[in-house]
Amino acid sequence: MLPLGLLNLAQGHPMLVELKDGTTLNGHLVNCDTYMNLTLKEVVQTSAEGDRFFRLSEAYVRGNNIKYLRLEDEIVEAVKEQQQQQQQHNKGGRGGSRIGNPAITQSRGLDGAVAWFTVTRFEAPPLKRNGERRGKLPRSFPAWESKSSPELYDMLRSYAEDGKKAMTVALVDYLVRNRGEKPNSRLYSSLILCNVDIDNGSALTVAQLLAEVEDEGLPMDSGMCHDALKVLSVHVDHILRADILEHMRKSWLTLSTEGQYYVAAGLLREGCLEDALQMLSRFRHGAERLPTWLADLTTYTLLDAGEHGGALDAIIDRNATGETIDSAQLAYEALDSASKVHHYAGTLHAWNTQVKPGHTNPSTGTYLQVLATAAKHGDTDLAVQVFRCLGQQAIVFSEREYSLLCQAYLSSQPPDLFGALSTACIMAENNIVATQVFTRPFLIFLRHEPLHTTEKAFEHIQELHRGDRSVPLALINVILESYALGHHVNHAMAVYQSMHQFERYGPPGQPRTPFADAQTFEILYFLARFAARDAHDMMALLREEQRTLGINTTESMVDKLIVACVKCSDPVILKEVLDEARELNMEPKMGTLKRTVEALASVRDEFCWEVIRRYSKGEDMEKSWTEEVRTVWDIDPSST
C-alpha cells in the first residue's frame, strides 16, 4: 500500500502519527504534500515517556521525522478500490501525446499521488495549443536543422546531462513538432535528467514526468530510473526514491554501481548518515574507489554534522587508495571545522597533508584555531609551525597568541617548562605586558606539580635573566603565588630576597624598574599569616620594603595584613595598618573588621572600642559588637 494515496484520501479524518523520537500525535489530517509533510488540527501530543500531554490547535510534521502512521480501516479499503479502478483504466490504452501538449494535465504518479504538470514549465517559454510561441527562445536553432534525428538525440542527452533545462525542453519540442517524433522513453529520460541542475531542477518535476510516463503507457526502463535517481541525489525526495527503487525491484531491474552512488548521495543530503555510510562501507570493502564528487560530498556532510572522526576516516581512506583531495575548499573546510572544535587528529591530518605542503593557505582565524588546538593537546611542534606561518603573514602578535604557545609547551608530554618561560620572555621583549590571564596557565601547571617543579621554574627564570632575557615580573609573582598556595613561607621569602637581581635601570635620568609590584606584596602579606612567630618581623620587613620601593598600599594589602595580624596576634602592626587605611580613606571588609574586634577583645586591648566606633554600620551593629566585647571581657552588659 503506497502512503501518499492513503494520505490524500485521509484528509479530514482522524489519524495517529508516531515520530522517530517516540512522541505521538493524535489529530485530524488537514493537508499532506508530496514529501509527506503533514498538517494536523485538534492535536493531542503525548511525550515519548507517556507521562506528559499537550493540546495543540494545529501541528506541522516533517515527513522525514515520521516513524509510522495509523489510519482508519475504511481509508485503507477505499484506496485499494481506487487503485484497482486505476489499473483497469490503464489497460484501456492512451490517446494523444502529452510531451508536446502545452495544456496542464492531471495524471497519477508512481506513488498514486495526484500531480499537475506541463512539460514546458521550465526556463523555456510555454507553448500554446495552436503552436504559437511566447518568449525569445527560437523554435529551432540552425544547427538542429542540419542534424539527423539520431544526432539530435545525442545532443538532447548532452543538454540534459549538463542540466541545460531550457535547451533540453526546446529540443524536445523541436523533435516532436518538426521531426514528428512520438512520445518515447528517451525524450522523457532527457526531460527528467535535465532537472539535475541544482538551481532550477526539482524532485516534484521528476515525479510529475514519471506520472506522465505511466499515463502514456511507456516503459519505465532502467535508464530512466537511473536518471531519476541522479536528479534525486541533488533534489532529495526519500518517498519518490523509495518508489523508484521498489519499481526496479519488482521489474527485476538491476541497480548499477553508479545508481547506488546516487542513492547514497541522496541519503547524505537528507541527513540519513547511518544508512549512507553503511552503503559507502560496502563500496570500500569491495575495494572500489568512490567517485570524487561523492567522496567530497561525504566529507562535507560529515563535517557539517560535526562527525569529525568520520570525516577524518573518509579522508584517510581516500589517501590510502592513492587519491589526493584536489578541492582547496574541501581541504580548508576540513581544517577549519576540525580546529574549531579542537579535534586534534583531524586538525593535524589536514595541517600535514594540506597546509604544510603548501596546498592550502588558511585564514588568520583558522590559524588561531589550529594554535588553540595545538595548545590544548600539547603539540609544541604544531604550535611553533602555526606561529611561524602567522609571522610570515606579518601578523602583530598579542598576549593571546603567546599564551596559546605557552599552553602548548606546558601541556606537552613531558612538559617543556623552559620553552613556556622563554616564550613569556619573548613576549616581554616585544613590549607586551603579561596580565593575570596570561599567567594563570603557569600557576595551574605548578599547583599540580611537586614542589621541586616550582623550584626548577625559578632556576629557569634566573638562567634566562643571566642570558640577558627580559623576564616578566608577573612570572616571578606566579612562583611566589605557587609557594603561597602551599603555605611555603621560607621558599617564598627566599625567592623575594633574590628578586633584587631582576631590578633594571634605564638610561640616566629615567626611573628604575622596580623588582616588585603591588601583587608581589599582596601575595607575601597573604603568606604572613602562616609565618607563626616570624610573622611580625616578616610583615615589618615587607612594609618597610614597600615604602622604600614607593609601592602604594592597596585595599587587598590592607585586608591581608589585618588577617595576618589577627591570626598571629600582632596588635602593633594591626593598629598601624588600620590607621594607614583610615588616612587613605580605605575601608576593610566587614568580616575582616569583625575578626579584628574579636582579636583585640581577646587580649583586652582598648583599641577595639575605637574600631567599633570607626567602622560599625548603625546602632544595631555597634550594639552587637559591643555586647560581644563585653562578653569576652566579662563585663555586665547593663553597666556603662
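A residue here counts as buried under 20% relative accessible area, as exposed over 50%, and as partly exposed in between. Keep those limits in mind for the stops below. The model is predicted.

**The whole chain**

Start with everything displayed. The chain holds 30 helices and 7 strands. Of its 640 residues, 48% count as buried. Take the contacts between residues at least 6 apart in sequence: 63% of them join residues at least 24 apart.

Next, colour by pLDDT. The chain has a mean of 80, and 84% of its residues reach 70 or more. Now select residues 90–139, where the pLDDT is below 50. Beyond near neighbours in sequence, this stretch has 123 contacts in the model. Where pLDDT is low, the predicted coordinates should not be read in detail.

**Strand β1 and its partners**

Select residues 14–19, which form strand β1. Is this strand enclosed or open? Of its 6 residues, 5 are buried, so β1 is largely enclosed by the rest of the structure.

Add residues 24–32, strand β2. The two strands run antiparallel and are joined by 5 bridges. To see one facing pair, pick P14 in β1 and look across to H28 in β2. β1 and β2 form a hairpin with 4 residues between them. In the turn, click on G22, whose phi is positive, at about 95°.

Now show residues 66–70, strand β5. β5 also pairs with β1 in the antiparallel sense, over 4 bridges. Here the residue to pick is V17, which stands opposite L69 of β5. In a regular strand the side chains alternate between the two faces of the sheet.

Before leaving this region, select R62, in the loop between β4 (53–61) and β5. R62 counts as partly exposed, because its relative accessibility is 45%. Then add M36. These two residues are 26 apart along the chain, and their C-alpha atoms are separated by 7.2 Å.

**R157 and its two acidic partners**

Side chains of opposite charge can pair when their charged atoms come close. The chain has 21 salt bridges, and the next stops show some of them.

Select helix α4, residues 149–161, and show the side chains of R157 and E161. They meet in a salt bridge, at 3.5 Å from N to O. The two residues are 4 apart, about one turn of the helix. An α-helix has 3.6 residues a turn, so residues three or four places apart point the same way. Both are partly exposed: R157 has a relative accessibility of 29%, and E161 has a relative accessible area of 42%.

Stay on R157 and add D227. These two also form a salt bridge, with the closest N and O atoms 2.8 Å apart. Which parts of the chain does this pair tie together? R157 lies in helix α4 and D227 in helix α8 (residues 222–232), so the pair ties together parts that are 70 residues apart in sequence. D227 counts as buried, because its relative accessibility is 6%.

**D605, K575 and a network**

Move on to D605 and K575. Their side chains meet in a salt bridge, at 3.2 Å from N to O. D605 is in the loop between α28 (590–602) and α29 (607–615), while K575 is in helix α27 (residues 571–583). The pair thus links distant parts of the chain, 30 residues apart. D605 counts as buried at 14% relative accessibility, whereas K575 is partly exposed at 28% relative accessible area.

Then select D579, R582, E610, R613 and R614 together. Salt bridges that share partners join these residues into one network.

**Helix α17**

The last stop is residues 380–392, helix α17. Its 13 residues reach 18 Å from the first C-alpha to the last, close to the 18 Å expected at 1.5 Å a residue.

At the start of the helix, show D379 and D381. A side-chain oxygen of D379 reaches to within 3.3 Å of the backbone nitrogen of D381.

Which residues of α17 are buried? Select T380, L382, A383, V386, F387, C389 and L390. To see what covers them, add other helices, among them α15 (344–355), α16 (364–377) and α18 (399–411).

Finish after the end of α17. The helix is followed by A394, whose phi is positive, near 60°.

Notes:
Residues are numbered from 1 along each chain as its sequence is written. Side-chain values use heavy atoms; hydrogens and water are left out. The expected span of a helix is 1.5 Å times one less than its number of residues. Buried means under 20% relative accessible area, exposed over 50%, partly exposed in between (1.4 Å probe, protein chains only). Contact means heavy atoms within 4.5 Å. A polar contact is a pair of N or O atoms within 3.5 Å; within protein, one must be able to donate a hydrogen and the other to accept it, and residues adjacent in sequence count only if both atoms are side-chain atoms. Two strands pair if DSSP finds at least two bridges between them. pLDDT is the predictor's confidence in each residue, from 0 to 100. A salt bridge is a side-chain nitrogen of Lys or Arg within 4 Å of a carboxyl oxygen of Asp or Glu.
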